[in-house]
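Student: I would like a close look at a single part of this model. Please describe one strand and its surroundings in a connected account.

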Amino acid sequence: MPHTYLFLDTEWADWEGRELVSLALVNSRTGASFYAERNPLPGNPTDFVREVVYPLLDGGEVALNDLQFTHALRTFLADVAEPVVLYDYPTDGQLLLAAISGFDLLPSELSECTAPPANLRSTLLQDERVSLAIEEYFTERAAERARRHHALVGARALYAAWLVAGHPPDTPA
């Protein structure tokens with residue numbers, strides 16, 4: 001079976017990129033997306049995160065505790081054939097792995113969760129064409145530019161930039 005590319009973006013609360021705020025994935029084959037926010041949010045965010053990122057969050061049913069977040073993410077990934085996650089910033093990949101692993105939850109707490117994906121692969125995109133296309137995407141779209149630091153907007157921008165940069169929807173860089 002051919003790979004399915006998932007375009008990833010995350011937002012985090014601290015300078016080190018250890019405290020996940022939100023995570024989004026966009027499926028290149030179906031356009032389906034995953035989006036979740038942590039609840040409670042990290043309590044000591046940087047000023048930028050407090051002033052720019054937190055006001056963009058959706059809240060409500062996408063605000064999940066760590067166990068719910070991990071379960072929802074694993075469930076989404078379980079429905080994807082041969083998933084390959086593409087992202088443009090190293091912290092995104094690290095935070096994805098932390099969320100799949102269950103953050104700091106104990107194995108006994110994760111026992112009711114869907115199993116982590118065994119066949120998941122991920123790749124850091126280091127493609128100047130994609131980087132330029134992301135900037136063009138936000139330059140041309142005022143509404144998306146205003147929500148640039150919302151993880152789902154970022155994941156959709158990455159996928160659009162991938163296509164604009166000349167990559168077919170389901171082929172690696």
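Tutor: The account below follows strand E1, its partners and its aromatic contacts.

This is a predicted model, in which local features need pLDDT of at least 70, side-chain atom pairs count only at pLDDT 80 or more, and totals for chains, interfaces and linings use all residues. Residues are numbered from 1 along each chain as its sequence is written, and side-chain values use heavy atoms, with hydrogens and water left out.

Strand E1 covers residues 4–12 (helices, H or I, of at least four residues and strands, E, of at least two are DSSP runs, numbered from the N terminus). Because 9 of its 9 residues are buried, E1 is largely enclosed by the rest of the structure (buried means under 20% relative accessible area, exposed over 50%, partly exposed in between, with a 1.4 Å probe and protein chains only). Thr4, Leu6, Leu8, Thr10 and Trp12 cover one side, while Tyr5, Phe7, Asp9 and Glu11 lie on the other.

E1 runs parallel to strand E5 (residues 83–87), joined by 4 bridges, with tyrosine 5 opposite valine 84. Strand E2 (residues 20–27) is antiparallel to E1 and joined to it by 7 bridges; there, leucine 23 is the bridge partner of threonine 10. Two strands pair if DSSP finds at least two bridges between them.

The structure holds 8 aromatic pairs (rings of Phe, Tyr and Trp, the last by its six-membered ring, with centres within 6.5 Å; planes under 30 degrees apart count as stacked, over 60 as edge-to-face and the rest as tilted). The rings of tryptophan 12 and tyrosine 89 are stacked, since their centres are 5.6 Å apart and their planes at 20°. Tyrosine 89 belongs to the loop between E5 and helix H3 (90–101), 77 residues from tryptophan 12, and is partly exposed at 45% relative accessibility. Tyr5 and Phe7 form one aromatic cluster with Tyr159 and Trp162.
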